[in-house]
Amino acid sequence: MLSTTAGKSARLSDTQQVTRQTSSALSRKIWLPKLLYDTLPYFYLASGFLAFFATLYISAWFWVLPHYLLFSVACIHLGALVYRRRRRSTDYDA
């Protein structure tokens with residue numbers, strides 16, 4: 001006597017249905033206008049460099065300095081990553 005489980009589908013609980021709906025909303029692609037899409041890496045790079053140079057003028061706010069530096073490094077890294085990935089995809093298309 002052989003049995004298969006392919007015939008029966010299990011009903012999802014309420015928690016599993018909410019998790020399934022949330023994960024599909026997070027993994028959904030976002031549409032951006034072309035101008036915003038093209039300027040996004042430059043925005044990240046500019047905000048990172050501006051935050052880095054703003055740390056030069058902070059004199060008495062010692063608790064802000066590490067946050068500015070972390071933000072600047074994260075923005076520069078993210079901008080370079082987006083620019084490099086976008087550049088790589090256009091090189092293969094040409």
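**Note on a three-helix chain**

1. The accessible surface of the protein chain comes to about 8800 Å². Carbon and sulfur atoms account for 66% of that area. The model is a predicted one, and the values below are computed from it.

2. The protein chain has three helices and zero strands. Following the sequence from start to end gives the pattern α-α-α. Two of these helices come up repeatedly below: helix 2, which covers 34–54, and helix 3, which covers 65–93.

3. The protein chain has 94 residues, and 12% of them count as buried. As for how the chain meets itself, take the contacts between residues at least 6 apart in sequence: 62% of these join residues at least 24 apart.

4. Part of the surface is a nonpolar patch of about 730 Å². Its members are Phe 49, Phe 52, Phe 53, Leu 56, Tyr 57, Leu 65 and Leu 69. Helix 2 and helix 3 each supply at least two residues of this patch. Helix 2 gives the largest share, with three residues.

5. Leu 69 is one of the patch residues and lies in helix 3. Its relative accessible area is 33%, so Leu 69 is classed as partly exposed. A patch residue needs over 30% relative accessible area, and Leu 69, at 33%, therefore meets that cut-off.

6. The structure holds three aromatic pairs. One of them joins Phe 52 and Phe 53, with 5.6 Å from centre to centre. Their planes stand at 65 degrees to each other, and the pair is edge-to-face. Both rings belong to residues of the nonpolar patch. Phe 52 is partly exposed at a relative accessible area of 37%, and Phe 53 is partly exposed at 45%.

7. A search of the whole structure finds one salt bridge. The partners are Lys 34 and Asp 38, whose closest N and O atoms are 3.3 Å apart. Why are Lys 34 and Asp 38 separated by about one helical turn? They are four residues apart in helix 2, and that spacing is the reason. The two partners fall into separate exposure classes: Lys 34 counts as exposed, at 62% relative accessibility, whereas Asp 38 counts as partly exposed, at 33%.

8. Which residue has its charged end over the ring of Tyr 37? It is Arg 86, and the charged end sits 3.9 Å from the centre of that ring. Arg 86 lies in helix 3, and position 37 falls within the 34–54 span of helix 2. Arg 86 counts as buried because its relative accessibility is 18%, and the buried class takes values under 20%.

9. The surroundings of Arg 86 can be listed briefly. With neighbours within four places in sequence left aside, Arg 86 is in contact with Tyr 37, Asp 38 and Pro 41. Asp 38 is thus named twice in this note, as the salt-bridge partner of Lys 34 and as a contact of Arg 86. Arg 86 and Asp 38 are 48 residues apart along the chain, while their C-alpha atoms are separated by 9.3 Å.

10. For a reader tracing the model, two places are worth finding. One is the nonpolar patch, to which both helix 2 and helix 3 contribute. The other is the site where Arg 86 is in contact with Tyr 37, Asp 38 and Pro 41, with its charged end over the ring of Tyr 37.

Note on methods: Residues numbered from 1 in each chain as written. Predicted model: local features only at pLDDT ≥ 70, side-chain atom pairs only at ≥ 80, totals over all residues. Heavy atoms only, no water. Buried < 20%, exposed > 50% of the residue type's maximum accessible area, 1.4 Å probe, protein only. Contact = heavy atoms within 4.5 Å. Areas by Shrake-Rupley, 256 points an atom, 1.4 Å probe, with all protein chains shown as cover. Patch = residues over 30% accessible without salt bridge, like charges linked within 9 Å, V, L, I, M, F, W, Y side chains within 5 Å. Salt bridge = Lys/Arg side-chain N within 4 Å of Asp/Glu carboxyl O. Phe/Tyr/Trp six-rings, centres within 6.5 Å; stacked < 30°, edge-to-face > 60°. Lys NZ or Arg CZ within 6 Å of the ring centre and 35° of its normal.
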